[in-house]
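Visitor: I would like a close look at a single part of this model. Please start from one residue and work outward from there.

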Amino acid sequence: MSTVETKLAELGLTLPAVVPPLASYQPAVQSGVYVYTAGQLPMVEGKLPVTGKVGAEVTPEEAKELARTCALNALAAVKSVVGDLDRIARVVKVVGFVASASDFTGQPGVVNGASELLGEVLGDKGVHARSAVGVAVLPLDAPVEVEIQVELVP
């Protein structure tokens, strides 16, 4: 087991199976020393545990947990391409999309769920640049979607 997966186990987490694409794309692709993931929904065993808008049907706290799930799914997508998460030199960028009620402005707090998970699992390698964007709707009425870009050890 890799060091990263050992850390996940210490946190009581397991790397899930890669979420199958919902359309015509790959969950992750490698270009040179970078891996880019597609947007990852908070799927658990093939289903969304919660749907709706954050600030309406979904609380910010629930959405933050869902963002953690998105980050875990993103790590699974990275592993599907590179085989070993210990090849990650650093997380370069995280982009989080939050399906938001019209008056909800707490997108950064929601996406912190993904950022904090990456920091817990990868330590200093998990420190990244980030965008947290509020949107009207996401695929399958998901509350959150997260994509990551990682740099690999050459």
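Visitor: Where is E116 found? Take me through its surroundings, then on to the rest of the chain.

Guide: E116 is found in helix 3. Helices here are DSSP runs of H or I with at least four residues, strands are E runs of at least two, and numbering starts at the N terminus. This is a predicted model, where local features need pLDDT of at least 70, side-chain atom pairs count only at pLDDT 80 or more, and totals for chains, interfaces and linings use all residues. Residues are numbered from 1 along each chain as its sequence is written, and side-chain values use heavy atoms, with hydrogens and water left out.

Is E116 buried or exposed, or somewhere in between? E116 is partly exposed, at 35% relative accessible area. The classes are buried under 20%, exposed over 50%, and partly exposed in between, using a 1.4 Å probe and protein chains only.

Next, its neighbours. Setting aside residues within four places in sequence, E116 is in contact with K64 and R68. Contact means heavy atoms within 4.5 Å. V92 gives a second reference point: E116 and V92 are 24 residues apart in sequence, and their C-alpha atoms are 14 Å apart in space.

With K64 there is also a salt bridge, and its closest N and O atoms are 3.2 Å apart. The pair links distant parts of the chain: E116 in helix 3 (residues 107–122) and K64 in helix 2, 52 residues apart. A salt bridge needs a side-chain nitrogen of Lys or Arg within 4 Å of a carboxyl oxygen of Asp or Glu. K64 is partly exposed too, at 28% relative accessibility.

By this rule the model has five salt bridges. Helix 2 takes part in another: E5 pairs with K79, with 2.9 Å between the closest N and O atoms. E5 lies in helix 1 (residues 3–10) and K79 in helix 2 (residues 60–82), so this pair ties together parts 74 residues apart in sequence. E5 is buried, at 18% relative accessible area. K79 is partly exposed, at 27%.

A further bridge joins the side chains of E10 and K7, at 3.8 Å from N to O. Here the partners both lie in helix 1, three residues apart, about one turn of the helix. E10 counts as exposed, with 59% relative accessibility. K7 is partly exposed, at 28%.

L13 leads from helix 1 back towards helix 3. It sits in the loop between helix 1 and strand 1 (28–31). Its relative accessibility is 22%, which counts as partly exposed. Residues up to four places away in sequence aside, L13 touches L8, R68 and L117. R68 is also one of the contacts of E116. L13 and V121 are 108 residues apart in sequence, yet 9.9 Å apart in space, C-alpha to C-alpha.

Now the strands. Q149 is found in strand 5 (residues 144–152). Q149 is buried, at 17% relative accessibility. Beyond four places in sequence, it touches Y34, V35, Y36, V91, V92 and K93. V92 is the residue whose C-alpha lies 14 Å from that of E116.

Two loop residues have backbone angles to check. Most residues other than glycine have a negative phi. E45 has a positive phi of about 50° and is not a glycine. It is found in the loop between strand 2 (34–37) and helix 2, and it is exposed at 79%. D141 has a positive phi near 65°, again in a residue other than glycine. D141 lies in the loop between strand 4 (129–135) and strand 5, partly exposed at 30%.

E45 also brings us to the largest pocket, whose volume is about 220 Å³. Of its 13 lining residues, the closest to the centre are P16, M43, V44, E45 and N73. The lining divides into eight nonpolar, four polar and one charged. Asp, Glu, Lys and Arg count as charged; Ala, Val, Leu, Ile, Met, Phe, Trp, Tyr, Cys and Pro as nonpolar; the others, Gly among them, as polar. On a 1 Å grid over the protein atoms alone, a pocket is an open set of points where a 1.4 Å probe fits, with protein on both sides within 12 Å along at least five of seven lines; lining residues have an atom within 4 Å of a point. Points join across faces, edges and corners, and volume is the space filled by probe spheres set on them.

Last, the record. An unreviewed UniProt entry places "domain: Endoribonuclease L-PSP/chorismate mutase-like" at residues 5–148. UniProt positions follow the numbering used here, feature names are shortened, and annotations may be inferred rather than shown by experiment. That span is 31% helix and 22% strand, with its end C-alpha atoms 18 Å apart.
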